[in-house]
Amino acid sequence: MWLEYEPRSSGVNCVKSLYLSLKGFTKEHPIVANALTELERGFAGMLAVTKENIIYPLDEAKPPAETLALRLERDTEISAEGYQLTADEYSLSLRAADESGLLYGVFHILRQIAIEKPLAELTLMSQPDIKLRMLNHWDNLDGSIERGYSGRSFFFAQNKVLPYERMTDYARFAASVGINAVAINNVNVKDAATRLITPEYYSEVRQIAAIFAAYGIRLFLSLNFAASLELGGPQSADPFAEEVINWWQKQIAETYAAIPDLGGFLIKADSEGRPGPFTYGRTQADGANMLAKIVAPYGGLIIWRCFVYNCTQDWRDYQTDRARAGYDNFITTDGDYLDNVFLQIKNGPMDFQIREPISPLLGAMEKTNQILEVQIAQEYTGHQIDVCYLVPMWKEALDFVIGAGNDKVSDVVSGKTYANRGGIAAVANTGDDANWTGNDLAAANFYGFGRLSWSVNLTAADIVGEWIMMTLSRDEQVINAVSDILLHSRLTYEKYTTPLGIGWMVSPHSHYGPSVDGYEYSRWGTYHRADYLAIGVDRTSKGTGFSTQYREPHASIYENPATCPEDLLLFFHRLPYSYLMKNGKTLLQHFYDCHHEGVKEVEAMIAGWNGLAGQIDPAIHTRVAERFARQLDNAIEWRDQVNTYFYRKSGIEDRYGK
Ligand code: GCU
């Protein structure tokens, strides 16, 4: 990842020894101990300052030349997890109110060295914009990872917890970008995973919680809402049934006694076959509150996902619209939730497509804590074979003005509006591959998620530049070439797959590669409804009414094809192939052309990457080149299948004879 600490030019930071002092913190605290170890590692690796040249405590006399005096000090005025850095000629001071802030400050110092910027520039105050910055692992206990594209799980195999070494490395790099909460098991909780809350796994889970806690990370578990039925409790999961409540009370008391550090539970209920309160005629709030009340005395949180929709739809049914479901299922429950319940809402109303409008549920519930959920794992965005840098997409979501007044999604999830609490969560893209993320370039998404969660105003370009400098090279040509590839990759992917917001058209189940009608006659509610004249679903007030779920001005903007952003045109409208786009082309010609442009852009990305041979680590260069070759095949397949499909369906030739 980015903590390799390879040697850096000592020209910028000519430090041969380090004088360290610690005030208000104790070296023995696990987080402090990790912060100090990280400093040692970083200074040794990047600046060749060996352990013998790190001196405690600081000699107050002026240190000799080429010595950095680093003062680590507690300062209770600083907000939780935040830190202040002050640099002068000979010294650097890092002040924080708590151990996590100290650790984050240390990572900031190391980042500054890694990107070869002078330590003397470090005078700043930093605090997280979003308080809960979480990763969700969809790891199963058998070692498989749902939507995992970088090997197997490093948490579990064969229903056992794996050795902790890799989890420790993971906690290091997660903390280095500010992650402070992690759920380790898949939201689809089945079989052995249901038993993670039982004595069978207590000692292992407690150990993981301790490793995480030493990096400022709270451990969460995904919970099976119907656990009582599977663990020998009452044969019901009705949140109003006394026997069910009693069973959970006992169960959770036992779990917290064994794992006191547990942050709480993540729950996928009434979703894609998972059990939930609807079965018993109760609301989502009834289900969430039952558990929230029980975990509250332990400081636990209930994170409740809003991915609730009818996944057994009849494709002949034109009334039901999956895009509406999240809002329809939750909006009436605003105000019903206990304080320690957080609703977790996917960025789009469907399911992590390459482009969707922002979910209208975000910001709509003024009395409810909300978490924005995004997906780092590239389920619909190229399986970490195709390069797809997702930070621009997440920024769009965070920057979207959604609330009453001028509130952005970032204000809602950072708790600035409505006095709610909030957070951000992402489905992780890591596995046991040696490079953690399959495609080396996919690590930029992990890095970017963390950095953006900490500072929502960073630009995608800033973050990508930082990542390149920390991992690949400080050479300007490399930085520019790789930035160019990453920053355009999402638009390129969109062009050769599903432009204009139509989405899907993807191979069923695997979700890699084209299959235009793959989901067309299925139960999943994801239809493009193409016929020989037109394509798309009318989601305006004259159609399914989805567009009316937005506040103004969005509702009106989306309602009319002339004002609807063109990249979302086919999400909101059903239009004839002859519809004229702003560029003067017909919709169909635009669609044809996009697919050709997309393939050309992949070729250009490959040329850009090939041009870097000899300038970056050859092993990385080769690995990525191999993935690019597969991406090109994939892009060609998408282009030709999609364009041929629409040519056959419409009988309309490509204007340029392509
Ligand atoms: C998608 C994905 C599933 C996942 C689900 C979820 O539908 O394909 O594998 O379980 O999202 O977010 O729960």
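This short talk covers the ligand site, the enclosed cavities and two backbone details of the structure above.

Before anything else, please keep in mind that what we are looking at is a predicted model, and that the values I quote are computed from it.

Let me begin with the ligand and the space around it. The ligand occupies the largest pocket, and that pocket holds about 430 Å³ of space. Its lining is made up of 26 residues, and those lying nearest the centre of the pocket are Glu146, Arg147, Lys268, Glu272 and Trp524. If we sort this lining of the largest pocket by class, we find 12 charged residues, 9 nonpolar ones and 5 polar ones.

Moving from the pocket to the ligand itself, 14 residues surround the ligand, and the closest of these are Glu146, Lys268, Arg305, Lys346 and Glu379. This shell around the ligand divides into 8 charged, 4 nonpolar and 2 polar residues. Glu146 and Lys268 therefore deserve a second look in the viewer, since they are named both among the residues nearest the pocket centre and among those closest to the ligand.Which side chains place an N or O atom 3.0 Å from an oxygen atom of the ligand? One of them is arginine 147, and another is asparagine 188. For arginine 305, the corresponding distance between a side-chain N or O atom and an oxygen atom of the ligand is 2.6 Å. As for how much of the ligand is covered, taken alone it exposes 310 Å², and the protein buries 95% of that area.

Let me now turn to the enclosed spaces. How many cavities of 30 Å³ or more does a search of the whole structure find? The search returns 9 of them, and the largest has a volume of about 140 Å³. Of the 18 residues lining this largest cavity, Cys306, Phe307, Gly326, Gly348 and Pro349 are the closest to its centre. Helix 8, which spans 322-330, and strand 14, which spans 341-346, each contribute at least two residues to the lining, and it is helix 8 that provides the largest share, with 5 residues. By class, the lining of the largest cavity consists of 12 nonpolar, 4 polar and 2 charged residues, whereas the lining of the largest pocket, as I said, has 9 nonpolar, 5 polar and 12 charged residues.

I will finish with two places in the backbone. The peptide bond that joins glutamate 552 to proline 553 is cis, with an omega of about 5 degrees, and proline 553 is found in the loop between strand 17 (534-535) and helix 14 (554-559). Towards the other end of the numbering, tyrosine 5 has a positive phi of about 55 degrees, although it is not a glycine, and tyrosine 5 belongs to the segment before strand 1 (17-23).

Terms used. Residues are numbered from 1 along each chain as its sequence is written. This is a predicted model: local features need pLDDT of at least 70, side-chain atom pairs count only at pLDDT 80 or more; totals for chains, interfaces and linings use all residues. Side-chain values use heavy atoms; hydrogens and water are left out. On a 1 Å grid over the protein atoms alone, a cavity is a set of points where a 1.4 Å probe fits but cannot get out, and a pocket is an open set with protein on both sides within 12 Å along at least five of seven lines; lining residues have an atom within 4 Å of a point. Grid points are joined across faces, edges and corners, and a volume is the space filled by probe spheres set on the points. Helices (H or I, at least four residues) and strands (E, at least two) are DSSP runs, numbered from the N terminus. Ala, Val, Leu, Ile, Met, Phe, Trp, Tyr, Cys and Pro count as nonpolar, Asp, Glu, Lys and Arg as charged, and the others, Gly among them, as polar. A residue is near a molecule or strand if one of its heavy atoms lies within 4 Å of it. A polar contact is a pair of N or O atoms within 3.5 Å; within protein, one must be able to donate a hydrogen and the other to accept it, and residues adjacent in sequence count only if both atoms are side-chain atoms. Accessible areas come from the Shrake-Rupley method with a 1.4 Å probe; for residues, only the protein chains shown count as cover. A molecule sits in a cavity or pocket if more than half of its atoms lie within 2 Å of its grid points.
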